[in-house]
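This briefing introduces one protein model to a reader who is new to structural description. Please keep the sequence and the structure in view while reading the points below.

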Amino acid sequence: MIYYPSNLKELPPTPGIYKMKNKTDTIIYIGKAKNLKNRIKSYFQNKKHDYKTQIMIRYINHIEIIETQNEKEAFILENQLIKSIKPKYNILLKDDKTFPYIKITTNDPFPRIIITRNKQNDKATYYGPYPSMGSSRALKKTLYSLFPIRDCKLDITLEKNQPKCMLLDIGKCIGPCIYKHVKKDYDNLIEQLHLLLKGKNKKLISLLKQQMKVYSENLKFEKAAITRDRLIQLEHLIEAQRVAINSDENFQIWSLIKKESIYYILVQEMIEGKLLSQHGFYDDSGSTKSPNNFIEQTYLSYISNYSIKNDTLLCTKELYQPIRSICLDAGLKTTIETPQRGLKKELLTSCIEQTSISASRISQTLLKQNQIQNPLIHLQKQLKLTQYPKKIIGCDISHLQSTNIVASAVCFINGTSAKHLYRKFNIKSVTSKSNDPLSMKEVVYRRLLLCIKNSEDLPNLLLIDGGIAQLNFAYQALQKLNLESKIDIISLAKKHEEIYKLGLSTPLRFPKNTPFLHLCQQIRDESHRFAVSFQRQKRHKIGQRSLLETINGIGKQKLKALYSHFDSLDQIKFASIETLTTIKGINIKLAKEIKKKLSL
């Protein structure tokens with residue numbers, strides 16, 4: 001069904017996907033929606049869209065929709081279409097996340113500085129990324145010399161004193177560990193720290209001068225002297241930066257380079273003459289003959305995700321025209337230059353050199369990743385698998401003398417563990433006596449059922465810990481789910497490190513130094529470790545519960561009430577009498593008995 005901006009009222013209020021097309025009938029964007037009518041109409045209402053969306057809307061001529069049964073089905077279809085068609089405005093950029101950030105924590109009353117390469121959605125404030133780990137560590141050292149805040153990992157609170165360290169004794173920290181009254185001064189230091197990292201040096205200097213004046217007027221000469229020394233140190237730092245670049249202008253500097261099979265773009269941000277951050281983006285498709293599409297996607301992503309000022313943009317020749325066209329479309333009043341001489345030329349040359357270094361690093365990283373995948377290629381060839389084993393799930397069973405039977409299902413993607421896809425199971429089909437093959441059938445069935453229910457990619461290969469019996473029962477689980485033709489399955493027996501495969505009368509043996517055998521052993525050992533770890537946790541929890549059950553007056557109902565309120569025995573142990581008596585059935589006498597028993 002085709003719709004135009006003029007007849008959007010006829011759109012159905014159902015789940016589905018929509019394809020935005022231009023005048024030449026080219027798909028420029030694909031999206032999904034729970035309610036197609038509301039979602040598509042929102043593009044054409046007077047809302048404040050980001051730059052990328054503003055540009056895209058100008059090129060929409062008509063819209064095609066495909067209705068689906070539910071939102072999950074729309075999500076799957078959207079993913080498939082984006083991967084196959086790759087529309088211009090469905091930006092799937094690869095960001096070079098190896099540059100470090102300076103993080104200022106916000107989850108405690110006395111924040112601290114952390115150097116990290118991973119920017120997370122944890123409400124902390126991040127500055128950067130910075131050109132190198134060395135420059136960020138040097139900056140961190142400078143920051144601590146300017147701002148005497150804590151550099152420890154202690155959980156410092158406003159109520160209790162914590163152990164002090166040498167930094168307080170030598171005047172490098174104002175000591176929130178034992179001096180709680182410094183909270184206001186500490187917050188002022190953090191505010192000043194933010195100003196410096198934002199490049200607002202003039203405001204910071206003005207603030208410090210005002211602070212020094214207030215201290216003097218209130219006869220706090222020692223504090224005034226400390227502020228004066230910090231002011232001098234800060235002015236020296238700013239002066240050193242100005243000497244290096246000698247400019248108060250703000251610049252964005254863009255450079256593009258092709259290294260091996262990748263295109264790499266580096267964007268540096270110069271604020272008041274200081275290199276405050278840089279961002280790297282790359283395309284490793286290897287099939288891109290012209291970088292223009294990559295350039296456009298990078299710039300669209302940049303103006304959508306980062307604050308854009310009307311700064312001067314310095315760039316290399318091949319970037320000039322594509323960026324200029326997008327700026328015109330977006331209505332951005334950005335001055336774009338390809339400098340030939342002077343300071344601007346030096347800045348661009350420096351950026352080009354850094355681009356080459358960063359591109360080489362990414363190229364080497366991708367090469368190593370390909371080398372990791374080589375054992376998988378050999379595994380496919382040697383075992384004659386039907387597909388490349390990109391995703392492998394390894395399963396194992398663990399029990400203690402036929403009790404507490406549990407199972408693990410670990411996951412490896414491209415030869416690397418994907419711990420977010422690890423799963424553990426309490427075995428339900430085997431109760432009285434251990435039966436590893438039957439237990440294996442259950443865990444394989446339940447793990448693959450989770451994949452289907454959660455729209456998770458199915459594994460290409462199942463690696464079972466055990467011999468031919470475990471392999472045959474695991475295969476029955478595949479048959480039960482009608483997946484026997486979609487997933488390869490093998491088992492690895494530990495005694496002789498033999499690989500069993502369906503259809504072969506004898507197991508396969510390979511030299512001990514075979515890379516893909518090492519990978520199989522790693523997956524098998526990891527599944528064993530994860531299963532044993534879970535089994536121990538289960539035994540420990542049972543041991544905890546049995547200790548409580550020895551207390552006279554605690555039965556199943558009170559035990560259940562305690563564990564519905566507390567997560568562990570330790571929490572019960574350290575709970576107050578008053579807290580324990582809030583639990584149904586627990587009186588003061590019983591609460592005291594619990595405390596007494598758990599303190600032994």
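A salt bridge is a side-chain nitrogen of Lys or Arg within 4 Å of a carboxyl oxygen of Asp or Glu. The model discussed here is predicted. A search of the whole structure finds 16 such salt bridges, and three of them are described below, after an account of an open sheet formed by four strands.

**The sheet and its helix**

- The four strands of the open sheet follow the order β1-β4-β2-β3, and their pairing is antiparallel.
- At the edges of this sheet stand β1 (2-3) and β3 (27-33), each of which pairs on one side only.
- Two bridges join β1 to strand β4 (residues 62-67) in the antiparallel sense.
- Within this part of the sheet, I2 is placed opposite E64 in β4.
- Helix α1 (residues 36-43) lies across β2 (16-21), β3 and β4. The helix runs at about 30° to β2.

**The salt bridge between E78 and K32**

- The side chains of E78 and K32 form a salt bridge, with a distance of 3.8 Å from N to O. This pair counts as a salt bridge because the cut-off is 4 Å.
- The pair connects distant parts of the chain: E78 belongs to helix α3 (residues 71-85) and K32 to strand β3, 46 residues apart.
- Is E78 buried or exposed? E78 has a relative accessible area of 11% and is therefore buried, since buried means under 20%.
- K32 has a relative accessibility of 31% and so counts as partly exposed.

**The salt bridge between E337 and K344**

- E337 and K344 meet through their side chains in a salt bridge of 3.2 Å, N to O.
- E337 is partly exposed, as its relative accessible area is 24%.
- K344 is also counted as partly exposed, at 22% relative accessibility.

**The salt bridge between R524 and E497**

- A salt bridge of 3.1 Å, N to O, joins the side chains of R524 and E497.
- Because R524 lies in helix α14 (residues 515-549) and E497 in the loop between β19 (488-493) and β20 (498-501), the pair ties together parts that are 27 residues apart in sequence.
- R524 has a relative accessible area of 3% and is therefore buried.

**A network of shared partners**

- Which residues are joined into one network by salt bridges that share partners? They are K19, K21, D25 and E64.
- E64 of this network is the residue in β4 that stands opposite I2.

Key:
Residues are numbered from 1 along each chain as its sequence is written. This is a predicted model: local features need pLDDT of at least 70, side-chain atom pairs count only at pLDDT 80 or more; totals for chains, interfaces and linings use all residues. Side-chain values use heavy atoms; hydrogens and water are left out. Two strands pair if DSSP finds at least two bridges between them. Contact means heavy atoms within 4.5 Å. Axes are lines fitted to C-alpha atoms, for helices over the stretch in contact, and angles run from 0 to 180 degrees between N-to-C directions. Buried means under 20% relative accessible area, exposed over 50%, partly exposed in between (1.4 Å probe, protein chains only).
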